[in-house]
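Q: Could you take a close look at the salt bridges in this structure and walk me through them? I'm new to this, so please go slowly.

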Amino acid sequence: MRCRICLNDETVRGIRFHADGICNFCKNYLRDREKLRNYESLGKLFSERIERIRGKHRYDAAVGISGGKDSIYVLYELKKRYRLRIKAFTLCNGFLSERARSNIDRIVSELSVEHEYIRFEKSFLQRLYRSSVRKWLTPCIACSYLGYASMIRFSVREDAALVIHGRSPEQMFRCYGEDVFTELIRAGLKPPEELELPKLYQRLLSLIEEKLDRELREEARALLFPDSRGELREFLAYFLYHPYREEEIVRFLRTKTSWDPGEEYQHYDCRIHLAPKYIYQRAEGRPHCLPELSFLVRDSQLGREEAGRRLREEWMEEKPEEAMRELFHFIGRPQFPTLWKAELYRRFLSRR
């Protein structure tokens, strides 16, 4: 079965179809679309948050950057347009590409922004990713947890008033109303004085931690929050409040900065990106980007036919040998059990 509005089908985790043939993700987003696209009102809400904290902390904002287009663009805008005092950071997750590192080092120098690489013991990363791959077929869940937790801790440690990130609308809204990110979006739409950040972050991290082994979960908490909490800072999505136009962002960065991702700018910052993409495809029987393309359809940015064409183009005909070798060498596991588990999951989906 496929949604009457978007391209989502029964292979999308958490999907439900209503009697009218429309999926829950479309229902959730279209119910709130008017306020989520009112950028005049949203821009004012962002500016109010900025002016409320400006100059009251050591830094106005902590900004996580991976070297990718979105995070670099957000850093530029916050520095040049909003004139914030910024401390930037990069999560060294074990797979950061050298080209991304070079771009990061050049851009923070050009913008005169303080920057820090956040590093972890290799053995800890190996255990974290091994657990994530064994249970969920992908290292991305573990990486997401590291990212969220590092942002929370870093902002408190460095006394940054806000944490601002560059997730795209496709990433934020692909599972709107059903995933852990939804609560952050809803919090970002509230007046700041109504937020209960400890409760919000506790729930966010707990939802991700549920996917980790118990012992590893406790080790991660002890490592990431040794001095626990301090005053928690709000976590803002820049593109919740500002229009997102990917091609314009890429042209802007190539013109205004020395950012150089090479010919392919999508996910060039992660050396193993193709590995989880391939494993997901084996498990789901279709390209993993289906929910993101479906968002573009439900938001009227793409027609169904064009989205279907892009989906077909994302199909991987061959296994990405180099990325797969690096991932499984890093976690110290053979590929076969994971690929076999992915195949079993695909067979289960095909019988639903």
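A: Let's start with the term itself: a salt bridge here means a side-chain nitrogen of Lys or Arg that lies within 4 Å of a carboxyl oxygen of Asp or Glu. The general idea is that side chains of opposite charge can pair when their charged atoms come close. Keep in mind that this is a predicted model. Searching the whole structure turns up 29 salt bridges. We'll go through three of them.

Take Lys87 and Glu116 to begin with. Their closest N and O atoms are 3.6 Å apart, and that counts as a salt bridge because the cut-off is 4 Å. Lys87 belongs to strand E2 (residues 86-91) and Glu116 to strand E3 (residues 114-118), so the pair links distant parts of the chain, 29 residues apart. How much of each partner is accessible? Lys87 has a relative accessible area of 7%, so it's buried, since buried means under 20%. Glu116 comes out at 23%, which makes it partly exposed.

This pair also has company. Through salt bridges that share partners, Lys87 and Glu116 are joined with Arg58, Arg157 and Glu158 into one network.

Next up are Asp159 and Arg233, whose side chains meet in a salt bridge at 3.2 Å, N to O. These two also link distant parts of the chain, 74 residues apart. Asp159 sits in the loop between helix H6 (140-157) and strand E4 (160-165), while Arg233 is in the loop between helix H10 (214-224) and strand E5 (234-237). As for accessibility, Asp159 is partly exposed at 27%, whereas Arg233 is buried at 8%.

Now for Glu314 and Lys277. The closest N and O atoms of this salt bridge are 2.7 Å apart. Once more, distant parts of the chain are linked: Glu314 is in the loop between helix H15 (304-313) and helix H16 (321-331), Lys277 is in helix H13 (residues 274-284), and 37 residues separate them. Glu314 has a relative accessible area of 31%, so it counts as partly exposed.

So what can you take from this walk-through? In the Lys87 and Glu116 pair, a buried Lys87 meets a partly exposed Glu116. With Asp159 and Arg233, the buried partner is Arg233 and the partly exposed one is Asp159. And each of the three pairs links distant parts of the chain.

Notes:
Residues are numbered from 1 along each chain as its sequence is written. This is a predicted model: local features need pLDDT of at least 70, side-chain atom pairs count only at pLDDT 80 or more; totals for chains, interfaces and linings use all residues. Side-chain values use heavy atoms; hydrogens and water are left out. Helices (H or I, at least four residues) and strands (E, at least two) are DSSP runs, numbered from the N terminus. Buried means under 20% relative accessible area, exposed over 50%, partly exposed in between (1.4 Å probe, protein chains only).
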